[in-house]
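Colleague: I should like to be introduced to this structure, beginning with its strands. Please explain the terms as they arise.

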Amino acid sequence: MSAPAPSIAVVLLSGGLDSATALAMARAEGLRCHALSVDYGQRHRAELTAAGAVARQLGAAAHTIVPLDLRPIGGSALTDSAIAVPETPTDGIPITYVPARNTLLLALALGLAETIGASQIVIGVNALDYSGYPDCRPAFIAKFQELAAVATKAGIEGNAPRIHAPLIDLTKAEIIRRGTELGVDYALTVSCYQADDQGRACGRCDSCRLRAEGFRAAGLPDPTRYA
């Protein structure tokens, strides 16, 4: 008797540390992973190149990049080159927040999941060591799960994919340790908000600080390449 086919998951893959770890965790569960990245007009394309490298390294069954230009909406330092990326800690939700980004990304993932029959959508959001974005919190994930149940044919038929956020209550150090155990090559990932064309990090933005602190707390060498 042949073994049953593995369940399919759509994994949102930015090319950064967290999403790479989420993909590795999904693969470790035996899921057949379809990685989904979005070219939303971010400041650099290095993270999309990184996403491709991570998808190959971790054995994703497929990798799709969807163009969705958010620059006309504006309002974020990540999509408007006229807005500087903060290099010191700020109060409140930082200007690097991209309005409704995770809502849009999950909507795309939901559409792909319905098309390919995926039972899960995996997103690497984290609500502990993070920048304070509202769409990285458990409440957001819970509400999108409700949406998935009523907004699609699969949901109406009782087969809405589960929205899984495996990193949501982990520290950055815990994420890094888990990914290291699963063989993630973090040298391939790009987390910096303003990386150069070669994917080298600035070492000063919020994302760089969180990443560096995570490796220090994990007691592991930081493979980040800096400009």
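Colleague: In which sense do β1 and strand β2 pair, and over how many bridges?

Modeller: This is a predicted model, in which local features need pLDDT of at least 70, side-chain atom pairs count only at pLDDT 80 or more, and totals for chains, interfaces and linings use all residues. Residues are numbered from 1 along each chain as its sequence is written, and side-chain values use heavy atoms, leaving out hydrogens and water. Strands (E, at least two residues) and helices (H or I, at least four) are DSSP runs numbered from the N terminus, and two strands pair if DSSP finds at least two bridges between them. In β2 (residues 32–39), Arg 32 is the bridge partner of Ile 8; β1 and β2 pair in the parallel sense, over 5 bridges.

Colleague: Which residue of β4 is the bridge partner of Val 11?

Modeller: Strand β4 (residues 120–122) runs parallel to β1, and 3 bridges join them. The partner of Val 11 there is Val 122.

Colleague: How many residues of strand β1 are buried?

Modeller: Buried means under 20% relative accessible area, with a 1.4 Å probe and protein chains only. On one side of β1, Ile 8, Val 10 and Leu 12 are buried, and on the other Ala 9 and Val 11 are buried. Strand β1 (residues 8–12) is therefore largely enclosed by the rest of the structure, the number buried being 5 of the 5.

Colleague: Which helix supplies the largest share of the largest nonpolar core?

Modeller: A nonpolar core is a set of buried Ala, Val, Leu, Ile, Met, Phe, Trp, Tyr and Cys residues joined through side-chain atoms within 4.5 Å. Of the 39 residues in the largest one, Val 10, Leu 106, Ile 121, Ile 123 and Ile 141 touch the most other members. β1, β2, α3 (101–116) and α4 (138–151) each supply at least two residues of this core. The largest share, 6 residues, comes from α3.

Conventions
Buried means under 20% relative accessible area, exposed over 50%, partly exposed in between (1.4 Å probe, protein chains only).
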